[in-house]
Amino acid sequence: MPTFLPKTVLALAATGVLVLGLAACGESTDTADPTAEKKITVYSGRSESLVKPLLDKFTAQSGIAVEARYAATAAMATQLLEEGEKSPADAFFAQDAGALGAVAKKGMFAPLPAAVLDQVPATYRAKSGEWVGVTARSRVLVYNPDLVPADQLPTSVFDLTDPAWKGKVGVAPTNASFQAFVTAVTVQHGEAKAKELLAGLKANDPQIREGNGPILEEVDSGRLAVGLINHYYLGELAKEKGATPDTLTAKLHFFPDGDSGALVNVAGVGVLKKAAQNPDVQAFVTYLLSAEAQKYFAEETFEYPVIAEAASPAGVPALKDLKVPAVDLNDLDQLEATIALIKESGLVP
């Protein structure tokens, strides 16, 4: 059914920052028989291709239909903030902690039950208990070894502003994961350093794409040397090709020594206050952290599970072995300020 986009979303879309997926804001997708008696509404910043099969499994097992509205995470967060208490959403399934934090900061989420929160390490959930991570993903540099030998890879993401990388680096500045990365740089090093990085990337003729997927495909095919993406896209591309990640040309470089380029963020979920006592919504959150769902994420979307008993995806270092920057995910809630920085840098026309 049609939904009129709030003025804030339209304004941000006009800047070009929130274009990705915005057209889907008004789309509703039921993952079960619409005549089902039980139904919840989920605003999803996760793409339909990634999560709809899992939502279908939840509905088949629980009898609870999920009306999922898909759009870019930043656009969904903005729409929630604009709708306020009038929002039809029961839960927000977001691509990154920053968007969850921005909504939580406005007092729209209810605290989650301790039984849910206790399944996930404190690193990957809100200190307030108002959102919880469902999967984790690492920022990486994907590279084509035919164009960039492994011994020439940068040791820091800041090295990509060097003239040697001019015209060789793919970035997706409208993507939520890139926005969260920029926020992390601000948190770790200050706004001046974040501006310096963005200006350096802009001056180096970056290859701007709409998302991580197109960057990876161009690196794998040799049309692009390197790109900043999330680790799990390599597994997804291999799956599309009927191959395994190790057989692809593209390879992943995990920045060492806690570099900002190695940020580990989470996709997570928060429950709107009006739905806090709804057992169907609580069942949905519980299911996302179930062994079945966590296995799905590891094997089908190649993300890191966040519950202890779940195995990591194949072909990448274990989550516990990653050398991550000293950034608290609770501090990644500066969404509007980050979007303004990216716009100011000129990375978005």
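## Charges over aromatic rings

In this predicted model, the charged end of Arg 46 is placed over the ring of Phe 93, at 5.7 Å from the ring centre. A second arrangement of this kind involves Lys 193, which lies over the face of Phe 158 at 4.8 Å from the centre of that ring.

## Aromatic pairs

The count of aromatic pairs comes to 5. One of them joins Phe 58 and Tyr 287: the ring centres are 5.5 Å apart and the planes meet at 45°, an angle between the limits of 30 degrees for stacked and 60 for edge-to-face, so the pair is classed as tilted. This pair links distant parts of the chain, with Phe 58 in helix α2 (residues 48-62) and Tyr 287 in helix α10 (residues 279-288), 229 residues apart. Phe 58 and Tyr 287 are both buried. Together with Phe 284, these two residues form one aromatic cluster.

Tyr 296 and Phe 297 also form an aromatic pair, with 5.8 Å from centre to centre and 75° between the planes, an edge-to-face geometry. Tyr 296 has a relative accessible area of 10% and therefore counts as buried, the cut-off being under 20%. Its partner Phe 297 is likewise buried, because its relative accessibility is 0%.

## Fold and surface

The secondary structure of the protein chain consists of 12 helices and 12 strands. Considering contacts between residues at least 6 apart in sequence, 76% join residues at least 24 apart. The link between helix α2 and helix α10 through Phe 58 and Tyr 287 spans 229 residues.

The protein chain has 349 residues, and 58% of them count as buried. Its accessible surface comes to about 14100 Å², and carbon and sulfur atoms contribute 54% of that area.

## Confidence of the model

The average pLDDT of the protein chain is 90, and 90% of the residues score at least 70. Over residues 1-36, however, pLDDT stays under 50. For this segment the model has 81 contacts beyond four places in sequence. Where pLDDT is low, the predicted coordinates should not be read in detail. That caution applies to the placement of residues 1-36, where pLDDT is under 50.

Methods. Residues numbered from 1 in each chain as written. Predicted model: local features only at pLDDT ≥ 70, side-chain atom pairs only at ≥ 80, totals over all residues. Heavy atoms only, no water. pLDDT = per-residue confidence, 0-100. Contact = heavy atoms within 4.5 Å. Helix = DSSP H or I, 4+ residues; strand = E, 2+ residues; numbered from the N terminus. Buried < 20%, exposed > 50% of the residue type's maximum accessible area, 1.4 Å probe, protein only. Areas by Shrake-Rupley, 256 points an atom, 1.4 Å probe, with all protein chains shown as cover. Phe/Tyr/Trp six-rings, centres within 6.5 Å; stacked < 30°, edge-to-face > 60°. Lys NZ or Arg CZ within 6 Å of the ring centre and 35° of its normal.
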